[in-house]
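Hi,

Here is the model I said I'd pass on. Have a look at it first, and my notes follow underneath.

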2 protein chains.
Amino acid sequence: MKEVAELLKAKGLKVTPQRIAIFHMLCNTVEHPSAETIYKSLQETHPTMSLATVYKTLDALKKAELVQELNVGEDSFRYDAKVHSHPHLICLSCNHVYDLHTDLLQDLREKVAQDTDFELFSEKIYFYGICPECQKK
Amino acid sequence: MKEVAELLKAKGLKVTPQRIAIFHMLCNTVEHPSAETIYKSLQETHPTMSLATVYKTLDALKKAELVQELNVGEDSFRYDAKVHSHPHLICLSCNHVYDLHTDLLQDLREKVAQDTDFELFSEKIYFYGICPECQKK
DNA sequence: TAGTACAGGATAGTCATTATTATTAAGGAG
DNA sequence: CTCCTTAATAATAATGACTATCCTGTACTA
């Protein structure tokens, strides 16, 4: 919990209970929640927190590069505290979003940059399919 | 123009002037337009066409797999008549979206499927950076 | 050519996100 | 530690992309 506050401060963000709660929650989940989901799951511990605060905090965290925004094709964004660029796997059955840790994409950005003369900063890579759990059903 | 109608019919879609216009426009652009953009650019030739028709047509084309929907992180979707899965390059300066034709990603889906035990159907890959044009400025 | 199912047009509704505004609290200076 | 300034929060209204509705019109089948 302490570290969370430190990270915020290190980025020049004012440290508030709301920001700590949201960032802490994102750091300790593997779920890639949406703003709405974050809001609901913090209702218990922070019942007075406004949904607008969640959005603004996520925006602040995003700009501070403490969080990345995922765009898996749903009607809302999801958020990931693992800010290092990595691909995601989306199960079309249970709608879970999983991190993919692989070195298959290691030099990809560099190679693409060479091929296209683009100056590349980041990439978003999403794979869509059925997760092992759902395949069993 | 004829082929466009044939493609629609082949997919069991009723052939209407509006659908022809929208699909034809998508087939002959490299711009990856949004629904709004499509609507505006067809105003001249089809002034009576409703925005709702654009949305409904795009939905029909998407379901018929004649078009793919892109989600580059803007507040609206873009559409691409090149339905074969291919990566896109987004210029953060001019906001243009470019197709990337490369074989760097050839066996990627297969490898990822093996690594993760997912059954994979598709992927979306976006690279973000500055295009050669904008770099000159 | 007539009938029917489905597409189009107009527009109201929905829902995620953003803007607004008054209030409150964080964090630095003294 | 207390005051002050600035920025964050809460509540809520507004925005804007997209969807639903509903009635009219038209593409296709026989």
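How many bridges join strand S3 (residues 88-91) of chain A to S4(A)? There are 3, and the two strands run antiparallel. Strands here are DSSP runs (E, at least two residues) and helices are too (H or I, at least four), numbered from the N terminus; two strands pair if DSSP finds at least two bridges between them.

Before the rest, some housekeeping. This is a predicted model, where local features need pLDDT of at least 70 and side-chain atom pairs count only at pLDDT 80 or more, while totals for chains, interfaces and linings use all residues. Residues are numbered from 1 along each chain as its sequence is written, chains are lettered from A and ligands numbered from 1 in the order in which they are written, and side-chain values use heavy atoms, with hydrogens and water left out.

Now the overall picture. Chain A has 6 helices and 5 strands, in the order α-α-α-α-β-β-β-β-α-β-α from the N terminus. Its C-alpha trace spans about 50 × 45 × 25 Å along the principal axes. Of the 137 residues in chain A, 43% are buried (under 20% relative accessible area, 1.4 Å probe, protein chains only).

The sheet takes strands from both chains. It is open, has 6 strands with mixed pairing, and reads S4(A)-S3(A)-S5(A)-S5(B)-S3(B)-S4(B). At the edges sit strand S4 (97-99) of chain A and strand S4 (97-99) of chain B, each pairing on one side only. From one strand to the next, the twist averages 25°.

Helix H5 (residues 108-116) of chain A packs on this sheet, touching S5 (119-130) of chain A plus S3 (88-91) and S5 (119-130) of chain B. Its direction makes about 120° with that of S5(A) (axes are lines fitted to C-alpha atoms, for helices over the stretch in contact, with angles from 0 to 180 degrees between N-to-C directions). Helix H5 (residues 108-116) of chain B lies across S3 and S5 of chain A and S5 of chain B, at about 120° to S5(B).

One residue to zoom in on is Leu89(A), which lies in strand S3 of chain A and stands opposite Tyr98(A) in S4(A). Why does Leu89(A) count as buried? Because its relative accessible area is 3%. Leaving out residues up to four places away in sequence, Leu89(A) touches residues of both chains, including Phe127(A), Val112(B) and Leu120(B) (contact means heavy atoms within 4.5 Å).

Cheers

Note on methods:
Buried means under 20% relative accessible area, exposed over 50%, partly exposed in between (1.4 Å probe, protein chains only).
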